[in-house]
Amino acid sequence: TIQDPASQRLTWYKPPLSVLVIKKVRDAQVIQPFIQLVRWLTIDKRMVVFVEASVIEDSLVTSHPGFPVLRDKLMNFREAHDDLTDKIDFIICLGGDGTLLYASSLFQQSVPPVMAFHLGSLGFLTPFKFDNFQDQVTNVLEGHAALTLRSRLRCIIIRKDQETGKNGRPPTNLLVLNEVVIDRGPSPYLSNIDLYLDGKRITSVQGDGLIVSTPTGSTAYAVAAGASMIHPSVPAIMLTPICPHSLSFRPIVVPAGVELKVKLNSDSRNTCWVSFDGRHQQELMVGDSLRVTTSIYPVPSICAEDQIADWFASLDECLRWNDRKRQRHFDEPEDLSPTDLTPDLTHSSSSDTLDSLVERNEACDN
């Protein structure tokens with residue numbers, strides 16, 4: 001039985017008590033909504049509110065007249081130092097798509113439900129408007145919301161000496177929501193990387209690089225490189241070459257359960273570089289490998305309306321998908337006014353001859 005994605009609904013097994021608020025950085029316009037939201041959550045809803053330590057130390061925040069009374073009521077954390085596992089019931093993002101990507105990176109296993117408000121530049125992943133945030137957050141707290149389970153990619157970098165067991169360091173292990181990108185970095189030469197699917201070599205990628213993306217990431221870097229757009233509920237992984245040195249190398253979609261392996265070709269003239277959702281860039285040398293597969297820990301993204309309406313609204317608003325002038329219908333003669341039927345002497349038809357056009361222009365001059 002295929003599950004209807006629309007059946008995914010938010011269910012609280014116990015009333016949510018703690019919330020993590022992620023604020024867009026270096027944006028003064030987000031300060032006032034942030035103060036409003038935090039005051040309402042702490043005072044009116046009596047919830048435990050976590051914010052990043054850098055937010056509390058931000059001069060734009062501390063100088064706001066409404067912040068001093070809230071300062072002692074907030075819990076803070078620092079990325080890579082404090083573990084938020086089992087401390088957060090749900091997440092609220094204030095900003096653009098980057099805030100949701102950042103929230104995803106903070107949880108390398110199970111992720112609490114994420115409610116994202118559109119206060120940034122693009123807003124493809126942030127469906128909520130802030131105007132009536134009290135009603136919308138209350139609906140979420142009461143469990144009246146649909147969910148989109150956005151799959152993530154588990155990315156593991158295994159170094160050559162780790163393959164042989166000579167290195168005791170653990171391999172790099174990261175989860176990404178949008179994509180992992182392998183490119184040629186600053187080198188002037190083409191990237192030359194081998195691609196394996198479930199252990200079988202599929203092809204070599206010669207060009208500027210390769211994008212391995214989730215369906216959520218299909219509308220990010222991948223679509224700019226010529227890929228199709230995939231609804232986030234589709235279980236798949238998309239492979240998109242970046243400026244390939246072959247006109248027949250088109251983007252492809254593979255099943256979500258496969259394991260991809262990327263290795264630098266032994267004949268490559270240069271190394272390649274890997275980045276994860278635009279962060280943590282690392283260099284891959286000959287003998288290193290990158291393993292990518294779908295993670296068992298998706299990001300539960302709370303819908304403003306439902307899965308289908310939210311996604312197509314984002315396509316329309318952010319990408320102007322299929323936005324064009326509407327084609328005119330044919331006008332019947334009885335629908336036209338007499339002036340519409342008067343010949344226009346300044347335009348020619350396919351039946352006009354050169355002589356008739358000259359005569360008509362001379363008549364107009366006289």
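Me: Is W321 buried, partly exposed or exposed?
Reply: This is a predicted model, and in it W321 comes out as partly exposed, because its relative accessible area is 44%, which falls between the 20% and 50% cut-offs.

Me: Where is W321 found?
Reply: W321 sits in the loop that runs between helix 9 (307-319) and helix 10 (338-341).

Me: And which residues make the nonpolar surface patch with W321?
Reply: I308, F312 and L319 join W321 there, and the patch is about 370 Å².

Me: OK, switching to the inside. How many cavities of 30 Å³ or more does the count come to?
Reply: One cavity. Its volume is about 120 Å³.

Me: Which residues are closest to the centre of that cavity?
Reply: P127, T148, R150, D310 and W311, out of 14 residues that line the cavity.

Me: Which elements give two or more residues to the lining?
Reply: Strand 6 (147-150), strand 19 (299-302) and helix 9. Helix 9 gives the most, with four residues.

Me: New topic: Y196. Which strand is Y196 found in?
Reply: Strand 10, which covers residues 191-197.

Me: Buried or exposed?
Reply: Y196 counts as buried, because its relative accessibility is 18% and the cut-off for buried is under 20%.

Me: What is Y196 in contact with, leaving aside neighbours within four places in sequence?
Reply: R201 and I202, plus E259, L260, K261 and K263.

Me: What separates the C-alpha atoms of Y196 and R291?
Reply: 9.4 Å, with the two residues 95 apart along the chain.

Conventions
Residues are numbered from 1 along each chain as its sequence is written. This is a predicted model: local features need pLDDT of at least 70, side-chain atom pairs count only at pLDDT 80 or more; totals for chains, interfaces and linings use all residues. Side-chain values use heavy atoms; hydrogens and water are left out. Buried means under 20% relative accessible area, exposed over 50%, partly exposed in between (1.4 Å probe, protein chains only). Contact means heavy atoms within 4.5 Å. Patches are made of residues with over 30% relative accessible area and no salt bridge: like charges are joined within 9 Å, nonpolar side chains (Val, Leu, Ile, Met, Phe, Trp, Tyr) within 5 Å. Accessible areas come from the Shrake-Rupley method with a 1.4 Å probe; for residues, only the protein chains shown count as cover. A salt bridge is a side-chain nitrogen of Lys or Arg within 4 Å of a carboxyl oxygen of Asp or Glu. On a 1 Å grid over the protein atoms alone, a cavity is a set of points where a 1.4 Å probe fits but cannot get out, and a pocket is an open set with protein on both sides within 12 Å along at least five of seven lines; lining residues have an atom within 4 Å of a point. Grid points are joined across faces, edges and corners, and a volume is the space filled by probe spheres set on the points.
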